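Work through the exercises below with the sequence and the model side by side. Try each task before you read its solution.

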Amino acid sequence: MFTSGLQHVAAMYAGVVAPPLIVGAAVGLSAKELTFLTGASLFTAGLATFLQTLGIWKIGARLPFVNGVTFAGVAPMLAIVDTTRDKDDALPIIFGAIIVAGLLGFLAAPFFSKLVRFFPPVVTGTVITLIGISLLPVAFGWAQGPVPGADDYGSAQNLGLAGLTLLVVLALRRFTRGFVKQIAVLIGLVIGTLIAIPFGATDFGPVAEADVIGFPTPFHFGAPQFALAAIVSMCVVMVVSMTESTADMLALGEIVDRRADEKTIAAGLRADTLGSAISPLFNGFMCSAFAQNVGLVAMTKIRSRFVVACGGGFLVLMGLCPMAAALIAVVPRPVLGGAGVVLFGSVAASGIQTLVKAGLEKDNNVLILAVSLAVGIIPISAPEFYHAFPETAKIILDSGISTGCVAAVVLNLLFNHLGKRRDADEVTAPMEPGGEISAQRTAGSSAEPAH
């Protein structure tokens, strides 16, 4: 439980600390304040993970889910910072907007969860595949280095470290068994970090400079402020976050063989939204389920929610002990990238496994899959595709998971629900000549009925 929980933390650490670092830098925080904001995000991510895995009353999906800071909120938060005259007010305004969005999302959770009946295997499989595909560019970015545009970004050394880490993980998965096989990613991260030391890619400076104990003082940056424009912006982010969390819960339900029904999704969304509403109290940001950890569950087959709750405990401890948080941060970004290829690729593979059960012999389902995948891949393959749209719309459109999910749900309604006829399933199989199938049907219709 200890090592598997730590493995979950290692897989999602970079995703948790990136948003506070980006927003904090935009506000102009000092290095010490940035460390404080990062620790607060780790602490609140741990609390949200407890809510999701262990649950209280009707709150928490009780699935092996890690919760952390959603990256969907970064762009609108930066916009709030840019439009705030006094930068000292930026974080209080952001925190106030997140509190309101979290509370409204909590009230909307049971209604939002009713959409689950519109998520058959063709929809869930498409969304799970998109989650994996959307996360892979993150791993590729990590593999190139920590700072885009730097002299060593994408260097042979960084890519080599990523490749070596990937090889170590693959070798452990192939040639070991039992416990060692289950923690292959964690061992790969440790070995990759050790290999990186002679190349100067591992920096232990933050560990030496970090405090041993530090508690995220409530409202450290000031009491929350409530600005209408900021609230509307964060409410839009909350809708996006709830859509992605619903997709993640459906994906994880398939992986652990416990289908996420309406009740489970409602409880999971309550945990997401309540965690988001509480987070600003301790100077944290909006929380949502972390898709990258779904890949870890799929690969290791460790399905216990208590293992992930243990990971949440590590997050809380790191929030209370900056030195521990800095120790995890020692893992070089290229090493994380090498492990990320396996993790995120496993998510996409799980989606393909679900699509196998989706009835792709039907043209309708093939069209749903084809168009939804295309829509979801737009932000990856053509990042500037929506450049002419308003910033508020781009919050949704730039999330391939959200747009692909919406497209799959709408197309499923159009092709498989609205005005559906009983003979609608008798369609031409994809990529097969129509003449041959027509001949088969003609032959079948002239044959004697079976007894």
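Helices (H or I, at least four residues) and strands (E, at least two) are DSSP runs, numbered from the N terminus. This is a predicted model, where local features need pLDDT of at least 70, side-chain atom pairs count only at pLDDT 80 or more, and totals for chains, interfaces and linings use all residues. Residues are numbered from 1 along each chain as its sequence is written, and side-chain values use heavy atoms, with hydrogens and water left out.

**Exercise 1. The chain as a whole**

Task: State how many helices and strands the chain has, and what percentage of its residues count as buried.

Solution:
- Step 1. Go through the runs. The chain has 19 helices and two strands.
- Step 2. Recall the cut-offs. Buried means under 20% relative accessible area, exposed over 50%, and partly exposed in between (1.4 Å probe, protein chains only).
- Step 3. Apply them. Of the 451 residues, 53% count as buried.

**Exercise 2. Helix α10**

Task: Compare the span of α10 with the expected value, then find what follows just after this helix.

Solution:
- Step 1. The expected span of a helix is 1.5 Å times one less than its number of residues.
- Step 2. For the 28 residues of α10 that gives 40 Å, and the end C-alpha atoms are 40 Å apart, which agrees.
- Step 3. Check burial. In α10, 23 of the 28 residues are buried, so the helix is largely enclosed by the rest of the structure.
- Step 4. Look just after α10. Aspartate 257 takes a positive phi of about 60° there.

**Exercise 3. The nonpolar core**

Task: Find which helix gives the most residues to the largest nonpolar core.

Solution:
- Step 1. Define the set. A nonpolar core is a set of buried Ala, Val, Leu, Ile, Met, Phe, Trp, Tyr and Cys residues joined through side-chain atoms within 4.5 Å.
- Step 2. The largest core has 94 residues, and those with the most contacts inside it include Val185, Leu189 and Phe285.
- Step 3. Helix α10 (residues 228-255) gives the most to this core, with 12 residues.
- Step 4. Turn to phenylalanine 285. Leaving aside neighbours within four places in sequence, its contacts (heavy atoms within 4.5 Å) include Pro20, Leu91, Ile94 and Ser279.
- Step 5. Turn to α8 (residues 184-196). Val185 and Leu189 are among its buried residues.

**Exercise 4. The salt bridge**

Task: Which two side chains meet in a salt bridge?

Solution:
- Step 1. A salt bridge is a side-chain nitrogen of Lys or Arg within 4 Å of a carboxyl oxygen of Asp or Glu.
- Step 2. A search of the whole structure finds one.
- Step 3. Glutamate 262 and lysine 114 form a salt bridge through their side chains (3.2 Å, N to O).
- Step 4. Glutamate 262 lies in helix α11 and lysine 114 in the loop between α4 and α5, so the pair ties together parts that are 148 residues apart in sequence.
- Step 5. Glutamate 262 is partly exposed, at 31% relative accessibility. Lysine 114 is partly exposed too, at 44%.

**Exercise 5. Two serines**

Task: Is serine 4 buried or exposed? Then place serine 304.

Solution:
- Step 1. Serine 4 lies in helix α1 (residues 2-27).
- Step 2. Its relative accessible area is 7%, so serine 4 is buried.
- Step 3. Beyond its neighbours within four places in sequence, serine 4 is in contact with Ile183, Ile302 and Val307.
- Step 4. Serine 304 is in the loop between α12 (291-300) and α13 (305-320). At 28% relative accessibility, serine 304 counts as partly exposed.
- Step 5. Serine 304 and proline 64 are 240 residues apart in sequence, but 6.1 Å apart in space, C-alpha to C-alpha.
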